Amino acid sequence: MGDNQKAASSDVVYGWSDLFSPDEEGQGPALVGSRCSTCGYIAFPSLQVCPTCLIAGTMSRHVLSRSGKLENFSVVRQAPKGFQAPYIQAFIRLPEGLAIFTHLIGVDPDKDLIEIGTLWHVTAAVIKTRDDGQPLTGYAFAPAREMING
Ligand SMILES: [Zn+2]
(Lines give C-alpha, C1' and ligand atoms only; values in the text may rest on other atoms or scores of the structure.)
Protein backbone atom coordinates (compact mmCIF):
# COMPACT_ATOMS: atom_id res chain seq x y z
CA MET A 1 0.00 0.00 0.00
CA GLY A 2 1.42 3.39 -0.97
CA ASP A 3 1.41 6.33 1.42
CA ASN A 4 -1.21 8.04 -0.72
CA GLN A 5 -3.63 5.22 0.07
CA LYS A 6 -3.18 5.35 3.84
CA ALA A 7 -6.11 7.01 5.50
CA ALA A 8 -5.60 9.63 8.17
CA SER A 9 -8.26 10.23 10.78
CA SER A 10 -8.53 13.84 9.60
CA ASP A 11 -9.53 12.77 6.08
CA VAL A 12 -13.05 13.42 4.91
CA VAL A 13 -15.09 10.23 5.03
CA TYR A 14 -16.79 9.31 1.80
CA GLY A 15 -20.55 8.93 1.67
CA TRP A 16 -21.96 8.46 5.11
CA SER A 17 -20.92 8.93 8.70
CA ASP A 18 -21.51 5.45 10.15
CA LEU A 19 -19.35 3.59 7.62
CA PHE A 20 -16.98 1.90 10.06
CA SER A 21 -17.44 0.47 13.53
CA PRO A 22 -15.03 1.76 16.18
CA ASP A 23 -11.83 -0.31 16.32
CA GLU A 24 -12.32 -1.27 19.97
CA GLU A 25 -10.46 -4.56 19.96
CA GLY A 26 -7.51 -3.64 17.76
CA GLN A 27 -8.72 -5.80 14.91
CA GLY A 28 -8.93 -3.00 12.37
CA PRO A 29 -12.03 -1.39 10.95
CA ALA A 30 -15.21 -3.28 10.13
CA LEU A 31 -18.00 -2.08 7.88
CA VAL A 32 -21.40 -1.32 9.36
CA GLY A 33 -24.55 -2.46 7.60
CA SER A 34 -28.02 -3.28 8.83
CA ARG A 35 -29.84 -6.54 9.57
CA CYS A 36 -33.55 -7.37 9.56
CA SER A 37 -34.75 -8.85 12.86
CA THR A 38 -37.64 -10.58 11.07
CA CYS A 39 -36.01 -12.34 8.11
CA GLY A 40 -32.26 -11.91 8.72
CA TYR A 41 -31.60 -9.93 5.52
CA ILE A 42 -28.29 -8.05 5.75
CA ALA A 43 -27.77 -4.83 3.81
CA PHE A 44 -24.70 -2.74 3.03
CA PRO A 45 -24.88 0.21 2.95
CA SER A 46 -27.44 0.28 5.74
CA LEU A 47 -31.11 0.39 4.81
CA GLN A 48 -33.97 1.82 6.86
CA VAL A 49 -36.52 -0.68 5.51
CA CYS A 50 -35.93 -4.37 4.74
CA PRO A 51 -36.40 -4.91 0.97
CA THR A 52 -37.85 -8.40 1.63
CA CYS A 53 -40.28 -7.69 4.48
CA LEU A 54 -41.11 -4.08 3.53
CA ILE A 55 -41.98 -3.34 7.18
CA ALA A 56 -40.55 -0.31 8.98
CA GLY A 57 -38.62 -0.78 12.20
CA THR A 58 -37.07 -4.21 11.60
CA MET A 59 -33.59 -3.07 10.46
CA SER A 60 -30.88 -2.43 13.04
CA ARG A 61 -27.15 -1.66 12.96
CA HIS A 62 -25.04 -4.71 12.11
CA VAL A 63 -21.22 -4.93 12.09
CA LEU A 64 -20.02 -7.00 9.12
CA SER A 65 -17.18 -9.53 8.88
CA ARG A 66 -13.76 -7.97 8.29
CA SER A 67 -12.78 -10.33 5.50
CA GLY A 68 -14.27 -12.08 2.51
CA LYS A 69 -13.47 -13.83 -0.74
CA LEU A 70 -12.80 -12.12 -4.05
CA GLU A 71 -15.71 -12.93 -6.36
CA ASN A 72 -14.76 -10.87 -9.42
CA PHE A 73 -12.87 -7.73 -10.36
CA SER A 74 -12.01 -5.41 -13.20
CA VAL A 75 -9.12 -3.01 -13.74
CA VAL A 76 -10.18 0.55 -14.50
CA ARG A 77 -7.76 2.32 -16.83
CA GLN A 78 -9.89 5.31 -17.79
CA ALA A 79 -10.74 6.88 -14.44
CA PRO A 80 -13.50 9.37 -13.75
CA LYS A 81 -12.46 12.76 -12.36
CA GLY A 82 -10.91 12.48 -8.90
CA PHE A 83 -9.86 8.85 -9.25
CA GLN A 84 -6.36 7.73 -10.16
CA ALA A 85 -6.04 5.00 -12.83
CA PRO A 86 -5.31 2.21 -12.88
CA TYR A 87 -7.41 1.00 -9.99
CA ILE A 88 -9.34 -2.17 -9.30
CA GLN A 89 -13.07 -2.49 -8.69
CA ALA A 90 -14.30 -5.75 -7.22
CA PHE A 91 -17.00 -7.67 -5.43
CA ILE A 92 -15.97 -9.31 -2.15
CA ARG A 93 -18.34 -12.00 -0.84
CA LEU A 94 -18.62 -11.91 2.96
CA PRO A 95 -19.39 -15.00 5.06
CA GLU A 96 -22.82 -13.45 5.81
CA GLY A 97 -23.68 -13.96 2.13
CA LEU A 98 -23.74 -10.43 0.79
CA ALA A 99 -21.23 -9.10 -1.74
CA ILE A 100 -19.53 -5.73 -1.17
CA PHE A 101 -18.69 -3.53 -4.15
CA THR A 102 -15.25 -2.09 -3.37
CA HIS A 103 -11.84 -1.01 -4.52
CA LEU A 104 -8.89 -3.39 -4.06
CA ILE A 105 -5.69 -1.85 -2.71
CA GLY A 106 -2.23 -3.07 -1.88
CA VAL A 107 -1.81 -4.75 -5.26
CA ASP A 108 -0.49 -3.69 -8.65
CA PRO A 109 -2.95 -4.76 -11.37
CA ASP A 110 -0.10 -4.96 -13.89
CA LYS A 111 2.35 -6.98 -11.75
CA ASP A 112 0.46 -8.99 -9.14
CA LEU A 113 -1.51 -12.18 -9.67
CA ILE A 114 -5.00 -11.43 -8.38
CA GLU A 115 -6.94 -14.66 -7.93
CA ILE A 116 -10.69 -15.24 -7.62
CA GLY A 117 -11.54 -16.90 -4.32
CA THR A 118 -8.64 -15.44 -2.33
CA LEU A 119 -9.20 -13.81 1.06
CA TRP A 120 -9.23 -10.00 1.43
CA HIS A 121 -9.54 -7.75 4.50
CA VAL A 122 -11.46 -4.49 4.76
CA THR A 123 -9.54 -1.30 5.52
CA ALA A 124 -9.94 2.45 5.35
CA ALA A 125 -8.31 4.08 2.34
CA VAL A 126 -8.31 7.25 0.29
CA ILE A 127 -10.66 6.45 -2.58
CA LYS A 128 -10.68 9.70 -4.53
CA THR A 129 -9.74 13.36 -4.45
CA ARG A 130 -12.45 16.02 -4.26
CA ASP A 131 -12.52 19.04 -6.57
CA ASP A 132 -10.95 21.15 -3.78
CA GLY A 133 -8.04 18.70 -3.50
CA GLN A 134 -9.24 17.11 -0.23
CA PRO A 135 -8.82 13.32 -0.08
CA LEU A 136 -11.98 11.30 0.47
CA THR A 137 -11.64 8.27 2.69
CA GLY A 138 -13.80 5.24 2.19
CA TYR A 139 -13.46 1.51 2.49
CA ALA A 140 -11.37 -0.83 0.38
CA PHE A 141 -10.11 -4.40 0.64
CA ALA A 142 -6.44 -5.41 0.84
CA PRO A 143 -5.02 -8.90 0.32
CA ALA A 144 -4.93 -11.15 3.38
CA ARG A 145 -1.50 -12.48 2.33
CA GLU A 146 1.41 -11.50 0.09
CA MET A 147 0.56 -11.34 -3.59
CA ILE A 148 2.69 -13.28 -6.04
CA ASN A 149 4.62 -10.91 -8.29
CA GLY A 150 4.53 -12.00 -11.92
ZN1 LIG B 1 -36.73 -8.65 6.49
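What share of the contacts in the protein with a separation of 6 or more comes from residues 24 or more positions apart?

1. Basis. The model is predicted; local features require pLDDT of at least 70 and side-chain atom pairs pLDDT 80 or more, whereas totals for chains, interfaces and linings use all residues. Numbering starts from 1 along each chain as its sequence is written.

2. Contacts. The share is 51%. Two residues are in contact if their C-beta atoms, placed from the backbone, lie within 7 Å.

3. Secondary structure. The protein has 12 strands and zero helices. These elements are DSSP runs numbered from the N terminus (helices: H or I, at least four residues; strands: E, at least two).

4. Burial and core. Of the 150 residues, 22% count as buried (20 or more other C-beta atoms within 10 Å of the residue's own, with exposed meaning 12 or fewer, partly exposed in between, and C-beta atoms placed from the backbone). The largest nonpolar core holds 20 residues; such a core is a set of buried Ala, Val, Leu, Ile, Met, Phe, Trp, Tyr and Cys residues joined through C-beta atoms within 7 Å. Ala-90, Ile-92, Leu-104, Ala-125, Ala-140 and Phe-141 touch the most other members. At least two core residues come from each of β6 (67-76), β7, β8, β10 (119-129) and β11 (135-143), and β10 gives the largest share, six residues.

5. Ala-140. Leaving aside neighbours within four places in sequence, Ala-140 contacts Thr-102, His-103, Leu-104, Ile-105, Thr-123, Ala-125 and Ile-127.

6. Pro-95. This residue lies in the loop between β7 (87-93) and β8 (99-104). Pro-95 counts as exposed because it has 10 C-beta neighbours inside 10 Å. Not counting residues up to four places away in sequence, Pro-95 touches Ser-65 and Gly-68. Its C-alpha atom is separated by 8.1 Å from that of Ser-67, 28 residues apart along the chain.
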